[in-house]
Amino acid sequence: MKQFKIILLMIDILMSNMAQQWYEMRTKPPFFVANCTERYVVSLLLCAAIGREAKDVTFFFNGDNNHCRWNCTFVYITGVTNGNVEWWKYELEWKKNEAFQKLVDSSSVYFNDYENWSPRYTTDGLIPNGGIHIFHSEYETAPWIRVDLQQALAISFLRVYMRRDGGGERFHNVAVEVTNSSQYIQRGFYKGLSKTLGVVEIFCEQPAVGQYVRLRIIKGSVNIINIPELEIYNK
């Protein structure tokens, strides 16, 4: 009986290690309010596989009852924790937010007003409450915003923060495109619609290696990109 328990423990450790080849447990902020799909699973490994198949950046696992949460939508509210200490949070492996304080350009700026709506606000680390000091493009068919990472990097995922005062639904049908030169390759996609206060996580197919990362709306005729903050996490 003792040997059987040891074998079970070894299997559990092996499954956890396999899951963490894709994901890592995260216990530090930011935490977001989340609505997710939930079901019983036999193991953490299966929960990780479900998250991977769904192209999720984040999934949650409850080891007490073997429940898995994935396909989550997130809302950013300051001062709120996850409120569920029994849920273990896993994210795709990443090293740092490579977009922070990097150079940014865009297809346009609303009314050409760089004081209020420059793309540089998306990498300053700040998420204002109102509709200024955020990025705001003109109305276009395919508006875009591009970050220069200053070197070619392997991208794991992006996290995009929506406006806190309205207009989150403007973020939809967004392609994540990477390049080292002028030939962009799409490595991620977010269908949407997002919502006010939303936090959108976009999984990147591999290989997603490039110096320049561009977000571009690729569907519709009258579109606008309107975001306070953009984070790009490398592998």
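Mentor: Let's start with a cut-off: a salt bridge is a side-chain nitrogen of Lys or Arg within 4 Å of a carboxyl oxygen of Asp or Glu. Keep in mind that the model is predicted.

Trainee: Okay, why do Asp165 and Arg163 count as a salt bridge?

Mentor: Their closest N and O atoms are 2.9 Å apart. The limit is 4 Å, so the pair qualifies.

Trainee: And is Asp165 buried, partly exposed or exposed?

Mentor: Asp165 has 41% relative accessibility. Buried means under 20% and exposed means over 50%, so a value in between is called partly exposed. Its partner Arg163 is at 13%, which makes Arg163 buried.

Trainee: How many salt bridges turn up in the whole structure?

Mentor: A search finds 11 of them. One of these joins the side chains of Arg159 and Glu91, with N to O at 3.0 Å. Arg159 belongs to strand 8 and Glu91 to strand 5, so this bridge ties together parts that are 68 residues apart in sequence. Both Arg159 and Glu91 are buried.

Trainee: What makes the contact of Glu201 with Arg159 a salt bridge too?

Mentor: The N to O distance is 2.7 Å, and anything within 4 Å passes. Glu201 sits in strand 11 (residues 198–203) and Arg159 in strand 8, so here the linked parts are 42 residues apart.

Trainee: How do you know whether Glu201 and Arg159 are buried or exposed?

Mentor: Glu201 has 16% relative accessibility, and Arg159 has 2%. The buried class is under 20%, so both belong in it.

Trainee: Which residues make up the salt-bridge network around Arg159?

Mentor: The linked residues are Lys89, Glu91, Arg159, Glu201 and Glu231.

Trainee: Let's do sulfur. Why is the link between Cys36 and Cys72 called a disulfide?

Mentor: The two sulfurs are 2.0 Å apart. A disulfide needs them within 2.5 Å, so this pair makes the cut. The link is right-handed, with 110° about the S-S bond. Cys36 lies in strand 2 (residues 33–40) and Cys72 in strand 4 (residues 67–75), so it ties together parts 36 residues apart in sequence.

Trainee: Are those two cysteines buried or exposed?

Mentor: They fall into separate classes. Cys36 has a relative accessible area of 28%, so it is partly exposed. Cys72 has 15%, so it is buried.

Trainee: How many disulfides are there altogether?

Mentor: There are 2. The other one joins Cys47 to Cys68, with S to S at 2.1 Å. That link is right-handed as well, with 80° about the S-S bond. It connects distant parts of the chain: Cys47 is in helix 2 (residues 44–53) and Cys68 in strand 4, 21 residues apart.

Trainee: What makes Cys47 and Cys68 buried?

Mentor: Cys47 has a relative accessible area of 0%, and so does Cys68. The limit is 20%, so they count as buried. Counting bonded cysteines along the chain, the disulfide pattern is 1-4, 2-3.

Trainee: Next, rings. How many aromatic pairs does the structure have?

Mentor: The search gives 9 aromatic pairs. Among them are Phe59 and Tyr90, which are stacked.

Trainee: Why is that pair called stacked?

Mentor: The centres are 5.0 Å apart and the planes differ by 5°. Centres must lie within 6.5 Å and planes under 30 degrees apart, so both conditions hold. Phe59 is in strand 3 (residues 58–62) and Tyr90 in strand 5 (residues 87–92), 31 residues apart. Phe59 is buried at 0%, and Tyr90 is buried at 1%.

Another stacked pair is Phe157 with Tyr233, at 4.8 Å between centres and 20° between planes. This one reaches from strand 8 (residues 144–161) to strand 14 (residues 229–234), 76 residues apart. Phe157 and Tyr233 are both buried.

Trainee: Which residues are linked into a cluster by ring pairs?

Mentor: Tyr23, Phe59 and Tyr90 are.

Trainee: Last one: how do you know whether Val42 is buried or exposed?

Mentor: Val42 has 58% relative accessibility. That passes the mark of over 50%, so Val42 is called exposed. Val42 sits in the loop between strand 2 and helix 2, and with Tyr40 and Leu46 it makes a nonpolar surface patch of about 290 Å².

Terms used:
Residues are numbered from 1 along each chain as its sequence is written. This is a predicted model: local features need pLDDT of at least 70, side-chain atom pairs count only at pLDDT 80 or more; totals for chains, interfaces and linings use all residues. Side-chain values use heavy atoms; hydrogens and water are left out. Helices (H or I, at least four residues) and strands (E, at least two) are DSSP runs, numbered from the N terminus. Buried means under 20% relative accessible area, exposed over 50%, partly exposed in between (1.4 Å probe, protein chains only). Patches are made of residues with over 30% relative accessible area and no salt bridge: like charges are joined within 9 Å, nonpolar side chains (Val, Leu, Ile, Met, Phe, Trp, Tyr) within 5 Å. Accessible areas come from the Shrake-Rupley method with a 1.4 Å probe; for residues, only the protein chains shown count as cover. Rings of Phe, Tyr and Trp (its six-membered ring) pair if their centres lie within 6.5 Å; planes under 30 degrees apart count as stacked, over 60 as edge-to-face and the rest as tilted.
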